[in-house]
Amino acid sequence: MKDEYMYGPDLLVAPILYEGAVSREVYLPEGSLWTDARTGSIFEGGQTIHVEAPLSTIPVFLRDGKQSYLIGKI
């Protein structure tokens with residue numbers, strides 16, 4: 001994906017890039033479980049998901065339970 005990036009080996013960041021957008025599609029790379037850092041929801045990798053992204057948040061996903069102390073703080 002051109003508009004997602006990894007911040008280190010375990011954080012996937014999917015910023016909102018378009019004015020007025022409140023949700024977006026996020027591709028989660030296969031071979032890992034991904035945890036939504038905002039909600040704690042866990043998703044299997046290798047799929048595209050739709051996430052809500054109000055103005056106050058940036059979608060961030062944690063690989064395989066790493067950095068779990070960030071859940072609810074981003």
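Y27 sits in strand 3 (strands being DSSP runs of E, at least two residues long, numbered from the N terminus). In this predicted model, local features need pLDDT of at least 70 and side-chain atom pairs count only at pLDDT 80 or more, while totals for chains, interfaces and linings use all residues. Residues are numbered from 1 along each chain as its sequence is written, and side-chain values use heavy atoms, with hydrogens and water left out. Y27 comes out as partly exposed, at a relative accessible area of 27% (buried is under 20%, exposed over 50%, partly exposed in between, with a 1.4 Å probe and protein chains only). Leaving out residues up to four places away in sequence, Y27 touches M1, E4, L12, G46, Q47 and T48 (contact means heavy atoms within 4.5 Å). F61 lies 34 residues from Y27 along the chain, and their C-alpha atoms are 10 Å apart.

As for the interior, the largest nonpolar core has 8 residues: L12, A14, V26, L28, W34, I49, V51 and F61. Such a core is a set of buried Ala, Val, Leu, Ile, Met, Phe, Trp, Tyr and Cys residues joined through side-chain atoms within 4.5 Å. Strand 3 (23–28) and strand 6 (47–52) are the elements that give two or more residues to this core. A second, separate core of 6 residues includes L11, V13, A37 and L62. Back in the largest core, L12 has contacts beyond its neighbours within four places in sequence, among them V26, L28, W34 and F61.

Next come the strand pairings (two strands pair if DSSP finds at least two bridges between them). Strand 4, residues 33–36, runs antiparallel to strand 5, residues 42–44, over 3 bridges, with I42 as the bridge partner of T35. Their hairpin has 5 residues between the strands, and G40 there takes a positive phi near 85°. Strand 4 also pairs with strand 7 (residues 60–63), again antiparallel and over 3 bridges; here D36 is matched with F61.

A search of the whole structure turns up 1 cavity of 30 Å³ or more. On a 1 Å grid over the protein atoms alone, a cavity is a set of points where a 1.4 Å probe fits but cannot get out, and lining residues have an atom within 4 Å of a point. The largest cavity has a volume of about 70 Å³, taken as the space filled by probe spheres set on the points, which are joined across faces, edges and corners. Its lining includes D36, V51 and F61, and strand 6 and strand 7 are the elements that give two or more residues to that lining.

Technical notes. Helix = DSSP H or I, 4+ residues; strand = E, 2+ residues; numbered from the N terminus. 1 Å grid on protein atoms, 1.4 Å probe; cavity = no way out; pocket = protein on both sides within 12 Å on 5 of 7 lines; lining within 4 Å.
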